[in-house]
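Notebook open, model loaded. I want to look at the surface and then at the core.

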Amino acid sequence: MNIARVMRAEWRRFVAHPVYRWIVLALGLLLLASAIWTGHGVRGYRAEVTALQAQWSDSYEKAVAAAAKHPAANRTEGAKAALAAHALGRGELAPTRLPATGALVLGLQQYQILPTAVRGTVESRYTDGRVTGPLTNPWLSRTGLPGFPAIIVLLVPLAALALTAGVVQEDREQGIWRLVCAQCNVGLGRVFAVALALRWAVVFGVAALCSACAFALDAGAAWVLFAQWWFALGVFTAFWVLAGGALSLLPISSGAALIGALGLWLTLTFAVPAALAWKAERETPMPSRLTAIVELRAVQQDAEEREAELLRAWYARHPGDQPGMGMAPSQPTWPVTFMPRFDELERRMRPLMREFERVRVAQSVHAEKGAWLSPPLALMLLADRLAGIDAQRHARYMEAVDQFEDRWRGFFMPRIMAYRGATAIDLADLPVFEQREAAQIDQVAPQKAMPWQLLLSCAVVAILAILGRSALVRP
């Protein structure tokens, strides 16, 4: 009963404080605006995926109808059939897309930045510089609004620290701490714990409701993933509330406590992740993009100079795909003369391109190992994993794209090089992108990401217990 009275009294004190009301109102409005914005963005993204799938189906039907009308029968028609097969192989019939999970609202921005919709081609996508999507301003795309998890990471700690840091010092400076001590008959430690629990409930409640709003706007949301996010958000909020409570017990002024809270937020949100990124870069440096471009151009130039040699070598490796009698022109023509060059580019450039993915995964692993030092970084990594856009899953997707492109090229290359083209019957066996591994989500990893917050929260509780025995009883 005494605890219930203390809770009611603390609630009245909290509601009566004008600054607290403004902080909670500002937090709620900003998080709600971000949740609605992200939710509508997710709905647009899923609608775009559906439209692209319908567009692919329409293109496939048109290709089958066109192939049925023009069977190759002589040299002229053989050359046309090779051109038609090449056009199909480099066109829009090979879409690949990293499937979004039921927590897309936690990683929408990453899905829009990273390559998650790669078009397979019989040519080399490493040398194809055409822009297939809408033109965008690179500067604006970099400085756009942060995603919903980033807003959570930035604002929830600030709100929790503003509501907790300096609470005890403020009562002392206003001269009411003696009155609180005199009227309290359940122990000052319990009063302080109730005050922190109330602030945690308010901040977490606002963040959880806004998160639920964002998930509710996504028709493909998975509430199991939302429950994991909900749990992580609760522990994340508890850490910052306890950290602010520890600062409020220090023998300093309320202004100094708030400055210390701001310094703690800056350190854990920006300084520690930057240090972890620097350490990961030092241990596993990213290959030079400029060097990769130079090497790509050198390989491209070498393949162009050895075009005739590569053509003869390809036919020597595939004697069964020699052009039939009366099907091939007197001299090899485009695109037959170009196709072995693309094979050479893939053979020599793919290991270099995969090295970028390997290093990115290695750096991500380094960051995850040290994420317990920075709760904001750990929560962002967890959001990426729940959204299915973490470095490991994206690397599996790119590997699946490479494997699919090998099958795609293996389907069209013989039909192009033999001048027989792709018939309507052939197109029935057109390779389809499958990505069982890329579509998998590690459901255990998000739960393993929680100990960093639990341990830090327990450490802050221990600090509170040590400081509270002396700090709370001082008038």
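Which helix is Leu262 found in? I looked it up: Leu262 sits in helix 11. Worth keeping in mind that this is a predicted model.

Next I checked how covered Leu262 is. Its relative accessible area is 43%, so I noted Leu262 as partly exposed, the class between 20% and 50%.

Then I went to the surface patch. Leu262 makes a nonpolar patch together with Leu158, Leu266 and Phe270, and I have its area down as about 330 Å². I asked which helix gives the most to the patch. That is helix 11, residues 254–283, with three residues.

On to the inside. The largest nonpolar core has 104 residues. I wrote down the ones with the most contacts inside it: Leu31, Leu106, Ile152, Trp229 and Phe412. Helix 9, residues 188–216, gives the most to this core, with twelve residues.

I picked Leu106 for a closer look. What is Leu106 in contact with, leaving aside neighbours within four places in sequence? My list reads Phe148, Pro149, Phe215, Trp229, Ala383, Asp384, Leu386 and Ala387. Trp229 also turned up among the core residues with the most contacts.

Last, some totals for the protein chain. I counted 20 helices and zero strands. Of the 475 residues, 47% are buried. For contacts between residues at least 6 apart in sequence, 88% join residues at least 24 apart. The accessible surface comes to about 24,000 Å², and carbon and sulfur atoms hold 64% of that.

Methods:
Residues numbered from 1 in each chain as written. Predicted model: local features only at pLDDT ≥ 70, side-chain atom pairs only at ≥ 80, totals over all residues. Heavy atoms only, no water. Patch = residues over 30% accessible without salt bridge, like charges linked within 9 Å, V, L, I, M, F, W, Y side chains within 5 Å. Areas by Shrake-Rupley, 256 points an atom, 1.4 Å probe, with all protein chains shown as cover. Salt bridge = Lys/Arg side-chain N within 4 Å of Asp/Glu carboxyl O. Helix = DSSP H or I, 4+ residues; strand = E, 2+ residues; numbered from the N terminus. Buried < 20%, exposed > 50% of the residue type's maximum accessible area, 1.4 Å probe, protein only. Core = buried A, V, L, I, M, F, W, Y, C linked by side-chain atoms within 4.5 Å. Contact = heavy atoms within 4.5 Å.
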